Every structure is written in structure tokens, then in C-alpha cells.
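Reader: Hi! I'm in my first year and still learning to look at protein structures. Could you take me through the sheet in this one, and show me what lies against it?

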Amino acid sequence: MSSTPAAADTAETDQADLKPVKAEPGTGPGLITITVTSQTFADVYFAIKPRVKLRRVMDLYCGKHSLDPKTVKFIDDDGRFVRSEQTPEEVGLQDGSTISLAIDQQGGACICEN
């Protein structure tokens, strides 16, 4: 099998024109990038559409870290709780916004006798 100069030029052009299988977060049309931060886990970035319910993000995050969605709270940049039926548009999240994760704890009360 011989290689001609024209075939070599075509191969180089084909390699240059290849597009990544997965687009970078936030680069697709209408996508925004949201970061979920936690004190115990590494930051996770999600690229989602502004009108998609945040339940998807919450379920994916909890599934990735083996958390029960009922035991965690998601809080936006302004300190307000984010509900799963809300969309990023409703919450006011924009590209590059951050949601913090707080693990809900029950108990731990101290009964002190004086």
C-alpha cells in the first residue's frame, strides 16, 4: 500500500477537522455550567439547559457520591435552599454559578444540667 502526497494531505486535514466526541461544559448551545461544591467531596461541574429541573443534577451528584437525596440540602450563592422541582432559570443560576451541598444532620442535642 503506497502513500501519495495527496493522501497524506487529506489525512492531516481529516485529523484537524475531527471534533471532540464530548463538548466542553458550557460550550453547547443554550447550556450553562453549574458547580456543586461540598466540604467532603471534590467539586463537580454540570452542563445543563436553563429550563431543565435541578432534580437531574441533584440525583446525579447524590448517585455519584452514594448519598441519599433526602439527607442533603442544596444551597445557592445567596444562601437560599434550592428545591429539586426548580430550574436554574427560576433559581437565578447563570453560567459559572455555584451550588453548595450541606449534609442534613439530625440529633446531637445536648441536655445540660446545671
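**A close look at the sheet**

Author: Happy to! Please keep in mind that this is a predicted model. Let's begin with the order of the parts: from the N terminus on, the elements run α-β-β-α-β-β-α-β. That gives 3 helices and 5 strands.

Now to the sheet itself. The 5 strands form an open sheet, and their order across it is β2-β1-β5-β3-β4, with mixed pairing. At the edges stand β2 and β4 (81-82), and each has a single partner strand, so one side of each is left without a neighbour in the sheet. As background, strands of a sheet pair through backbone hydrogen bonds, and the pairing can be parallel or antiparallel.

For one pair in detail, try β1 and β2. They are joined in the antiparallel sense over 5 bridges. You can pick out one partnership by eye: the bridge partner of Thr-33 is Ala-47, in β2.

Next, what lies against the sheet? Find α2, which lies across β1, β2, β3, β4 and β5. Relative to β2, α2 runs at about 150 degrees.

This brings us to the largest nonpolar core, which has 19 residues. Those with the most contacts inside this core are Ile-34, Phe-46, Ile-48, Leu-54, Tyr-61 and Phe-74. At least two core residues come from each of β1 (32-37), β2 (44-48), α2 (55-64), β3 (72-75) and β5 (97-103). The element that gives the most is α2, with 4 residues.

Tyr-61 is a good residue to zoom in on. Setting aside neighbours within four places in sequence, Tyr-61 is in contact with Val-36, Ser-38, Phe-41, Ala-42, Val-44, Phe-46, Leu-67, Phe-74 and Leu-101.

Before you leave this region, look at the loop between β2 and α2, where you will find Lys-49. With neighbours within four places in sequence again left aside, Lys-49 is in contact with Gly-30, Leu-31 and Pro-88. The C-alpha atoms of Lys-49 and Glu-89 are separated by 9.0 Å, although these residues are 40 residues apart along the chain.

Finally, step back to the whole protein. Of its contacts with a separation of 6 or more, 52% are between residues 24 or more positions apart. Buried residues make up 28% of the 114 residues. The protein exposes about 8,700 Å², and carbon and sulfur atoms supply 51% of that area.

Note on methods: Residues are numbered from 1 along each chain as its sequence is written. This is a predicted model: local features need pLDDT of at least 70, side-chain atom pairs count only at pLDDT 80 or more; totals for chains, interfaces and linings use all residues. Side-chain values use heavy atoms; hydrogens and water are left out. A nonpolar core is a set of buried Ala, Val, Leu, Ile, Met, Phe, Trp, Tyr and Cys residues joined through side-chain atoms within 4.5 Å. Buried means under 20% relative accessible area, exposed over 50%, partly exposed in between (1.4 Å probe, protein chains only). Contact means heavy atoms within 4.5 Å. Accessible areas come from the Shrake-Rupley method with a 1.4 Å probe; for residues, only the protein chains shown count as cover. Two strands pair if DSSP finds at least two bridges between them. Axes are lines fitted to C-alpha atoms, for helices over the stretch in contact, and angles run from 0 to 180 degrees between N-to-C directions.
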